[in-house]
Amino acid sequence: MRVVGLMSGTSMDGIDAALIDTDGEAVWWLGPALTIPYDASTRALLEQAMADARGVNARTDRPGVLAQAERRITDLHAEAVRALLVPLRLEASDIDLIGFHGQTVLHRPDARLTVQIGEGARLASALGVPVVADFRAADVAAGGEGAPLVPVFHAALAAGLGGPRPLAVLNVGGVSNVTVIGGAMIDGAMAPIACDTGPGNALLDDFMMTRTGRPFDADGAAAARGTVDEPAVAAVLEHPFFRQKPPKSLDRNAFRAHVAARLDLSGVRLEDGAATLTAVTAASIAAVVAHLPVPPRRWIVAGGGARNPTLLAMLEARLGVEVVTAAAVGWSGDALEAHAFGFLAARAARGLPLTFPTTTGVPYPLTGGVLFRP
């Protein structure tokens, strides 16, 4: 199938759209991709939607601005698909399927509740193409963490790579998550291990926005000029999440209060604050190694964090092994999760499992997603 995958991640910076040719088992082509940034008003709307979602008790609840935000992002996703296809001289009718992740506004697997806003039926109608959406709900309802969902895609990609094993594929978005391939035998077969590792870019992005009005630390430049407060980093890592074994998952804002109580950034130099928050991300990722049966011998980094050389250098220093970007191995680092949700849509359409006991803690391999036809 030729599938368009769509992703709006926890960084809330925009929509990634990407073409992929796949049957949900093999990846034959990682096609072109693009990013449509959110404007300031859309980002503000999503931030308010996340605040309003704190009172949600059921997946269908839409208090406050949630319904407005859901319509807005659905229509913007339709525009993203059209923007991807036009320069390729493709029509929507040339696409077999769309994988629509939506925007996560609440993730509480402990309460068996996860909410991704986005109207699958509205998107299918707008484009005239079948849409798979609502990828996480079935896993969470069955007692899984609902995240990360991409390990089965990482494993399919890694099948075409040489190099040492175990291999870790790390995505650094608002939250960081990792897939470790070649590190565990489950029922006689090699199974990926996966989990969210902790804060990704969210803490740093929020800090930069507050201090500078810019949504991120471009090229890690501010952090590169700063000094890390190592005692503060150690204090942040005292959070019980870092003592949990995989699988485990997080909400984007899970560490906001915890970090604020241990790291007073109000009087800290911009560069020092950026350096310390970047180190928190690197240290929290490195902390997962203690919970793995075998340490990864190589790390491949995707997501917004792959464009931050200061973070990559801190990661390599703390991990003590090779750290490379997804682009360096021929993958699209910025579009990897969009490609992943195209792949997952194809799996869902075929009823293949998306999540596994070693990736989300679900009791058995489980498919997911809801198919909406135009």
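**Exercise 1.** How many bridges join strand E1 to E4, and do they run parallel or antiparallel?

*Solution.* Start with the ground rules. This is a predicted model: local features need pLDDT of at least 70, side-chain atom pairs count only at pLDDT 80 or more, and totals for chains, interfaces and linings use all residues. Residues are numbered from 1 along each chain as its sequence is written, and side-chain values use heavy atoms, leaving out hydrogens and water.

Strands (E, at least two residues) and helices (H or I, at least four) are DSSP runs, numbered from the N terminus. Two strands pair if DSSP finds at least two bridges between them. Now find E1 at residues 2–8: five bridges join E1 to E4, and the two run parallel. One example is Ser8, whose partner in E4 is Gln103.

**Exercise 2.** Trace the other partners of E4, and state how covered this strand is.

*Solution.* Step one: E6 (residues 131–133) runs parallel to E4, with three bridges. Gly99 has Val132 as its bridge partner in E6.

Step two: E5 (residues 113–117) runs antiparallel to E4, with five bridges. Leu106 has Val115 as its partner in E5. Four residues lie between E4 and E5 in this hairpin, and Arg112 in the turn has a positive phi of about 55°.

Step three: E4 spans residues 97–108, and 11 of its 12 residues are buried (under 20% relative accessible area, 1.4 Å probe, protein chains only; exposed is over 50%, partly exposed in between).

**Exercise 3.** Which residues does Trp299 touch?

*Solution.* Contact means heavy atoms within 4.5 Å. Leave out residues up to four places away in sequence; the list then includes Ala168, Leu170, Val178, Ile285 and Leu319.
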